[in-house]
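Me: I have a structure to go through and would like the terms justified as we go. Can you set each value against its definition?

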Amino acid sequence: MRKRFLIGLILILLGTVGVLKTAAPAVSTLASSEGILRLHVIAASDSDADQSAKLAVRDAILPLFSAAESYEDARQFLLTHGREIQSAAEDVLAARELTYGVQLSLGTETFPDRVYGETLFPAGEYDALCVRLGPAEGHNWWCVLFPPLCIVSETGEPVDLDTVEPESWLWNLLKSLF
């Protein structure tokens, strides 16, 4: 009986420590959208093929901006290499035998609140490279292109957050006990 009580007490303490350790960090709010360039990719439809193409187009575009060291660098690259960016997107579609086109535009887009790290990018108008695939009637994908906050792996490849499975040290400990 005493052993069960001690195990229960230890689990409660571990749970409390785990909750405290994983508490959300303080979030600071970005004061202005100035100097921010977003990327917005809109799929042709919500079909599996079109959603997959959307992510592949994203993966083809993000590395092109890796050398940008400022908002102006990223914007200038976009203005001078628009054809290269469009070709990268079109190559993805061609490899998948998708016949709809790609339309690029640089302008102001409306985005919802989004937290990257400890910074809140409030809902509002931001400069954005918008990539519309075909009729652009599907779900979209977006991130902050500059400063570079599109999440990438250790190899530099973009990470699809829908495939990331969070890991908890507390859960792993509990699994190892039982």
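Reply: What follows takes burial, a polar contact and the sheet in turn. This is a predicted model, in which local features need pLDDT of at least 70, side-chain atom pairs count only at pLDDT 80 or more, and totals for chains, interfaces and linings use all residues. Residues are numbered from 1 along each chain as its sequence is written, and side-chain values use heavy atoms, with hydrogens and water left out.

Me: Why is Arg-58 called buried?

Reply: Buried means under 20% relative accessible area, with exposed over 50% and partly exposed in between (1.4 Å probe, protein chains only). Arg-58 has 2% relative accessibility, so Arg-58 counts as buried. Arg-58 lies in helix H2, residues 48-61 (helices, H or I, have at least four residues and strands, E, at least two; both are DSSP runs, numbered from the N terminus).

Me: What makes Arg-58 and Asp-59 a polar contact?

Reply: A polar contact is a pair of N or O atoms within 3.5 Å; within protein, one must be able to donate a hydrogen and the other to accept it, and residues adjacent in sequence count only if both atoms are side-chain atoms. The side chains of Arg-58 and Asp-59 are joined at 2.8 Å, so the pair counts.

Me: How do you know that E2 and E7 pair?

Reply: Two strands pair if DSSP finds at least two bridges between them. Strand E2 (residues 37-42) and E7 have six, in the antiparallel sense. His-40 has Trp-142 in E7 as its bridge partner.

Me: Why are E3 and E7 at the edges?

Reply: The open sheet has four strands in the order E3-E6-E2-E7, with mixed pairing. Strands E3 (102-111) and E7 (140-146) each have a single partner strand, so one side of each lacks a neighbour in the sheet.
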